[in-house]
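Welcome, and thanks for bringing your viewer along. Load the model, colour it however you like, and follow the stops below.

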Amino acid sequence: MRLENKRAIITAAASGMGRAGAELFTREGARVAAVDRDAEALKSVVDAINANGGKAEGFVADLSDNDAVARCFAEATDSLGGIDVLWSHAGMPAPSDFESLDLERYDRAAQLNVTQATLLASLAVAEMRKQASGSIVFTSSSSGLVGSASSPLYSSLKAGLIGLTKGLAVRYATEGIRINAVCPGMVATPMLYNDFMSDSPFSREETEKRFVAAIPMGRPGQPEEIAHAALWLASDDASFVTGVALPVDGGLVAR
Ligand SMILES: NC(=O)c1ccc[n+]([C@@H]2O[C@H](COP(=O)([O-])OP(=O)(O)OC[C@H]3O[C@@H](n4cnc5c(N)ncnc54)[C@H](O)[C@@H]3O)[C@@H](O)[C@H]2O)c1
C-alpha cells in the first residue's frame, strides 16, 4: 500500500476529485481527515469509506473563512496525531468577465484558491518540519499552465499556486518535504457542469461537445484519474519529485 499509516488531510473531499482522493488514499492505507463545507455529503463519503474498512473522519468547515481553515487544521491534526500528506484541493471558479470586474467575487475566488491553500500549506509545513518529512499536493489547473480566454482571472490564481508550489519546493527541498501541484484539465465533476460550462450560450449537449473537442483524448477526465495522480505525487513513489506542476488533462495543454 502506497500510503500505509500515513496521516492525510484532503480538502473539498465531499465530491468529485476530492472524494475520489479520500476513497483512494484510504484504500492505500492512509487515515484521512476529509474536509468540506457540505456536512451531509461529507458524512455520506466518510460513512461509505469506514463501512468499506477504510479510516476517515469528516471535518466540516467553510474554507472561505481563514479562521475556519486554521481551526479545522488544528482539529484534524489533533485527531490524526500529526500530518504526513496534505492534498489541498478546494478551489472555485473566478469571474469570467474582466472589463466590468466584480472585485468582490474575484476576492472570494482569490481567498479560496490561493490564500486558503497558502494558509493550509503554511500550517502543514510547520508540522512537517518537526518530523522532517511530508508531502503537499496543490490542485492547480490546466488553466494555470496556459491562458484561459474564458477566465483569465482563474488562470492567474491557478498559476499563482504553481508559483507557490515551486517556491516552497525549493525552500523545503532539503527538509524532507516535497511540494507539487496537480493540474487537472476538464474533469467530470459538478464544478465542470455547474460552473465552468454554465456561462455558455449553447445547450448543455452542444457546450459539452465544444469543450470536449479541445481535448486530444476526446473525453473529460474522471475524478479517479486525477486522484491517482495526486496519490502518486503524495506517495514515496514520487520520492525524487518536487516543484512539479503535473498536467492530468488528456493532452489538453500539449497542443
Ligand atoms: N472539475 C474540473 O474540470 C476542474 C479542472 C481543473 C481544476 N479544478 C479544481 O478542482 C477543485 C474542485 O474540485 P472538483 O472539480 O472535484 O469539484 P466538485 O464540484 O466535485 O466539488 C467541490 C467540493 O468543494 C466543496 N467546497 C466548495 N467551496 C468550499 C468551501 N468554501 N469550503 C469547503 N468546501 C468547499 C464543495 O462542497 C464540494 O464538495 C478546485 O480547486 C477547482 O479549481 C477542477
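**Stop 1: the ligand**

Begin with the ligand and select Asp62: an N or O atom in the Asp62 side chain is 2.9 Å from a nitrogen atom of the ligand. Keep in mind as you go that this is a predicted model. How much of the ligand's accessible area does the protein cover? On its own the ligand has 840 Å² of accessible area, and the protein covers 93% of that.

Now add two more residues to your selection. Tyr154 places an N or O atom of its side chain 2.6 Å from an oxygen atom of the ligand. Met17 takes part through its backbone, where a polar atom is 2.8 Å from a ligand oxygen.

Next, show the whole shell. It holds 30 residues, and the closest are Ser15, Asp36, His89, Tyr154 and Thr189. Which helices each supply at least two residues of this shell? Highlight H1 (16-27), H5 and H6 (190-196) to see them. H6 gives the largest share, with four residues.

**Stop 2: Thr26 in helix H1**

Stay with H1 and click on Thr26, which is found in this helix. Is Thr26 buried or exposed? Its relative accessible area is 9%, so Thr26 counts as buried, the cut-off for buried being under 20%. Turn on distances here: a polar atom of the Thr26 side chain lies 2.7 Å from the backbone oxygen of Ala22. Looking beyond neighbours within four places in sequence, you will find Thr26 in contact with Val32, Ile49, Gly54, Lys55 and Ala56.

**Stop 3: Ser88 and strand S4**

Move on to strand S4, residues 85-88, and pick Ser88 in it. Ser88 has a relative accessible area of 1% and is therefore buried. Which residue of S5 stands opposite Ser88? Select Phe138 and you have the answer. Phe138 also belongs to the contacts of Ser88 outside four places in sequence, along with Thr11, Ala117, Leu120, Val137 and Thr139.

Zoom out a little to take in both strands. S4 and S5 run parallel and are joined by four bridges. Add helix H4 (residues 103-131) to the display, and you have a right-handed β-α-β unit made of S4, H4 and S5.

**Stop 4: strand S5**

Colour S5 by itself now. Why is S5 described as largely enclosed by the rest of the structure? Six of its six residues are buried, so the strand has the remainder of the structure around it. As a rule, side chains in a regular strand alternate between the two faces of the sheet. In S5, Gly134, Ile136 and Phe138 point one way, while Ser135, Val137 and Thr139 point the other, and all of them are buried.

**Stop 5: across to strand S6**

From S5, step over to S6. S5 (residues 134-139) pairs with S6 in the parallel sense, over six bridges. Two residue pairs make handy landmarks: Gly134 stands opposite Ile177, and Val137 has Asn180 as its bridge partner. Show H5 (residues 152-171) as well, since S5, H5 and S6 form a right-handed β-α-β unit. You have already met H5 as one of the helices that contribute to the ligand shell.

With S6 (residues 177-184) selected, check its burial. Eight of its eight residues are buried, so S6 too is largely enclosed by the rest of the structure. Rotate to view one side, with Ile177, Ile179, Ala181 and Cys183, and then the other, with Arg178, Asn180, Val182 and Pro184; both faces are covered.

**Stop 6: Val248 in strand S7**

The last strand on the tour is S7 (residues 245-248), which runs parallel to S6 and is joined to it by four bridges. Use Cys183 as your guide: its bridge partner in S7 is Pro247. Then select Val248, also in S7. Val248 is buried because its relative accessibility is 18%, against a cut-off of under 20%.

What does Val248 touch beyond its neighbours within four places in sequence? Its contacts are Val182, Cys183, Pro184, Gly185, Glu225, Ile226 and Ala229. To finish, draw a line from the C-alpha atom of Val248 to that of Ile10: these residues are 238 apart along the chain, and the separation is 18 Å.

Notes:
Residues are numbered from 1 along each chain as its sequence is written. This is a predicted model: local features need pLDDT of at least 70, side-chain atom pairs count only at pLDDT 80 or more; totals for chains, interfaces and linings use all residues. Side-chain values use heavy atoms; hydrogens and water are left out. Buried means under 20% relative accessible area, exposed over 50%, partly exposed in between (1.4 Å probe, protein chains only). Two strands pair if DSSP finds at least two bridges between them. A crossover is right-handed if, with the strands pointing away from the viewer, the path from the first strand over the helix to the second runs clockwise. Contact means heavy atoms within 4.5 Å. A residue is near a molecule or strand if one of its heavy atoms lies within 4 Å of it. A polar contact is a pair of N or O atoms within 3.5 Å; within protein, one must be able to donate a hydrogen and the other to accept it, and residues adjacent in sequence count only if both atoms are side-chain atoms. Accessible areas come from the Shrake-Rupley method with a 1.4 Å probe; for residues, only the protein chains shown count as cover.
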